[in-house]
Every structure is written in structure tokens, then in C-alpha cells.
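I am opening a fresh page for this model and will note down, entry by entry, what I looked up.

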Amino acid sequence: MDIRMAEPRDAEAIAAIIMPTIRAGETYALDPAMTEADALAYWCAADKETFVAEESGVSLGTYYLRSNQAGGGGHVCNCGYMTAAAATGRGVARRMAEHSLERARARGFRAMQFNFVVSTNDRAVRLWQSLGFDIVGRLPEAFRHPAHGFVDALVMYRAL
């Protein structure tokens, strides 16, 4: 699997990955009704480095890397990851996470923080913990899940 910086030509492939996740409304605090243009503008914003994971020319996942805060908090980064439904369970998210940790170190970040991991997203929580992230905060009932109602969101952190 290759991971590379996204280019404008990747917009259609990125949209095909992120739109089903956004529409499902189960793991990201994004409006499920947002337009594709708004979703791409969010995912590929100028403050982010956006990447695409590919295998044999097929896009399997995408992630972004950005500074979590400005100024005095600029040494901690933040990422978002989405995997194509057809690629679930194939290690794509793990490979993107490993790549993001390498990229973050190369850019000089001292830590990575996930601000809002939906507690019912068990696969993500297990993956982040297996990569050394700790749950450092819990936001009670901060996310309205379409099937489970109000659930907690987790703040997860790892020094680099």
C-alpha cells in the first residue's frame, strides 16, 4: 500500500471515501447533510496536509494532518482518518495512522491529539490504544449518535 500527498485530481476518490462516513453520522461531528463540496473543503483545507492511501491505483483511505492549535499549542498535531467501506478490516487505518505518526515526527510535532473520538467507535479506540494513545479526557454525552443516542466523546493523546 502506498500513501502519498493528495492532489486536486484525487477529489473524486476522496469524496467517495468520506461522504458515506459523513452521511452515516456515526463517527465524525460533521453535519451528515453537508454538501460534497463543503466536505472536500473541510477535508482538504489549506491548514491540513491531506493524504491518500492506494493499492494498485485504487484509493482505500485518506487522512489529514494539521496543527491542533495555533501559537503555543502548535507543537501538537491532530489528524482525521477515513477508510473506504470496501477496505475495512484490511489494515488501511493502521497503515495511515503509522504514516501520520512518521509524518508528524518529521514535521517536528511533539505529540498527537485526537480531540473527539466517539466512544462507540470501538475499532478506532482499540487502534489508537494499540498505537500508544491514552484516553486523557471524556466528554460526557458530547455526541448524538443516530443509533445509540447521546454518547461520550474521548480525547486521546500520544507523545511523539
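Which element gives the largest share of the lining of the largest pocket? I worked on a predicted model, and there I found that β4 supplies that share, with six residues.

**Entry 1, the pocket.** I looked up the volume of the largest pocket, which comes to about 1,100 Å³, and then its lining, which consists of 42 residues, with T27, Y28, Y81, N121 and A124 lying nearest the centre. The elements that contribute two or more residues to this lining are α1 (11–24), β3 (58–67), β4, α3 (92–106), β5 and α4. Sorting the lining by class, I noted 24 nonpolar, 13 polar and five charged residues.

**Entry 2, the aromatic pairs.** I next went through the rings and arrived at 12 aromatic pairs. For Y81 and W128 I noted ring centres 4.9 Å apart and planes at 40°, and since that angle is neither under 30 nor over 60 degrees, the pair is tilted. Y81 belongs to strand β4 (residues 76–83) and W128 to helix α4 (residues 122–130), so their contact ties together parts that are 47 residues apart in sequence. Y81, which is also among the residues nearest the pocket centre, has a relative accessibility of 10% and therefore counts as buried, and W128, with a relative accessible area of 8%, is buried as well.

W128 has a further partner in F114: the two ring centres are 4.8 Å apart and the planes stand at 50°, so this pair, too, is tilted. Because F114 lies in strand β5 (residues 111–118) and W128 in helix α4, the pair joins parts that are 14 residues apart in sequence. F114 counts as buried, at 5% relative accessibility. Following the ring pairs onward, I found that F51, Y63, Y81, F114, W128 and F133 are linked into a cluster.

**Entry 3, a lysine over two rings.** I then turned to K48, whose charged end sits over the ring of Y42, 3.6 Å from the centre of that ring. K48 also lies over the face of Y64, where the distance to the ring centre is 4.2 Å.

**Entry 4, a loop residue.** Is A147 buried or exposed? Its relative accessibility is 61%, which is over the 50% cut-off, so I entered A147 as exposed. A147 lies in the loop between β6 (134–145) and β7 (149–159). I also checked A147 against G25, and although the two are 122 residues apart in sequence, their C-alpha atoms are 9.6 Å apart in space.

Notes
Residues are numbered from 1 along each chain as its sequence is written. This is a predicted model: local features need pLDDT of at least 70, side-chain atom pairs count only at pLDDT 80 or more; totals for chains, interfaces and linings use all residues. Side-chain values use heavy atoms; hydrogens and water are left out. Helices (H or I, at least four residues) and strands (E, at least two) are DSSP runs, numbered from the N terminus. Buried means under 20% relative accessible area, exposed over 50%, partly exposed in between (1.4 Å probe, protein chains only). Rings of Phe, Tyr and Trp (its six-membered ring) pair if their centres lie within 6.5 Å; planes under 30 degrees apart count as stacked, over 60 as edge-to-face and the rest as tilted. A charge sits over a ring if NZ of Lys or CZ of Arg is within 6 Å of the ring centre and within 35 degrees of the ring normal. On a 1 Å grid over the protein atoms alone, a cavity is a set of points where a 1.4 Å probe fits but cannot get out, and a pocket is an open set with protein on both sides within 12 Å along at least five of seven lines; lining residues have an atom within 4 Å of a point. Grid points are joined across faces, edges and corners, and a volume is the space filled by probe spheres set on the points. Ala, Val, Leu, Ile, Met, Phe, Trp, Tyr, Cys and Pro count as nonpolar, Asp, Glu, Lys and Arg as charged, and the others, Gly among them, as polar.
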